[in-house]
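Visitor: I am new to protein structures. Could you show me how to read one, feature by feature?

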Amino acid sequence: MEGVFPEPLRQAIKALAFLPGLGEKSATRLALYLVRRPERAEELAAALRALSRIKLCRECGNFTEAELCGLCASPDRDRSVICVVEDPAALSAIESAGVFHGRYHVLHGVLSPRDGLGPEELRIPELLERVRKDNVQEVLIGLSPTAAGEATAAYIVELLNDLPVRVTRLACGLALGMEVRYADHLTLKRALLSREVLK
Ligand SMILES: [Zn+2]
């Protein structure tokens, strides 16, 4: 590509090619599209710059601009139930099903020693702390029924064993290996309404 495109265009292609799912070909196509539509490029640049304002909610770990995310700040959410999810995409999928009115705890991953993801990185101590201090009655495990999700769920259930809290998980409808963030509304709704009691 050396010499074919000017430096800024080459830089844009390089930056876009870093995005998951985009190879150099798609990155080049997008960069060429954006260079012809500067107003779109400006819009995109502004939206991307604004992402630096996003941080993690100090309660649940969801993405937020303020100290607390909208769900944690809302007085309408049931504080006695916490749904543990793998990532904000799973939170969003469960929220879209429209039947869960409690609050969440976002792990930002599942246990994976190989990737350096242990209990500390997943904010599991914070989950226990919330269960203790907020008088939580139920922890709903909303993790995907994948091998790593199951291992993480088992670990959390064991930690919660000594605490006076009910532990449930998403049940019927979710096929083994299915990821929560990709499940459709109806499946999630069913899984949320008929949760399995673990403890
Ligand atoms: Zn929150």
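**Reading the chain step by step**

Guide: Gladly! Let's begin with burial: of the 199 residues in this chain, 40% count as buried. Keep in mind that the model is predicted.

Visitor: Which secondary structure elements does the chain have, and how many?

Guide: The chain has 8 helices and 7 strands. Its C-alpha atoms fill a box of roughly 65 × 35 × 35 Å along the principal axes.

Visitor: How do I find empty space, and how much lies in the largest pocket?

Guide: The general idea is to roll a probe the size of a water molecule over the atoms, which shows where empty space is left. Here the largest pocket holds about 310 Å³ of space. It is lined by 14 residues, and the closest to its centre are Ala12, Leu16, Leu34, Leu44 and Leu48. Helix H1 (7-17), helix H2 (24-36) and helix H3 (38-50) are the elements that each give two or more residues to this lining.

Visitor: Now a single residue, please. Is Asn62 buried or exposed?

Guide: For a residue, we compare its relative accessibility with a cut-off: under 20% means buried. Asn62 counts as buried because its relative accessibility is 12%. You will find Asn62 in the loop between strand E1 (55-56) and strand E2 (63-64).

Visitor: Which residues is Asn62 in contact with, leaving aside its neighbours within four places in sequence?

Guide: Asn62 is in contact with Lys55, Leu56, Cys57, Cys69, Leu71, Pro88, Leu91 and Val106.

Visitor: And how many charged side chains are there?

Guide: The chain has 26 positive and 27 negative ones, with the centres of the two sets 4 Å apart.

Technical notes. Residues are numbered from 1 along each chain as its sequence is written. This is a predicted model: local features need pLDDT of at least 70, side-chain atom pairs count only at pLDDT 80 or more; totals for chains, interfaces and linings use all residues. Side-chain values use heavy atoms; hydrogens and water are left out. Helices (H or I, at least four residues) and strands (E, at least two) are DSSP runs, numbered from the N terminus. Buried means under 20% relative accessible area, exposed over 50%, partly exposed in between (1.4 Å probe, protein chains only). Lys and Arg count as positive and Asp and Glu as negative; His and the chain ends are not counted. The place of a charge is taken as NZ of Lys, CZ of Arg, CG of Asp or CD of Glu. On a 1 Å grid over the protein atoms alone, a cavity is a set of points where a 1.4 Å probe fits but cannot get out, and a pocket is an open set with protein on both sides within 12 Å along at least five of seven lines; lining residues have an atom within 4 Å of a point. Grid points are joined across faces, edges and corners, and a volume is the space filled by probe spheres set on the points. Contact means heavy atoms within 4.5 Å.
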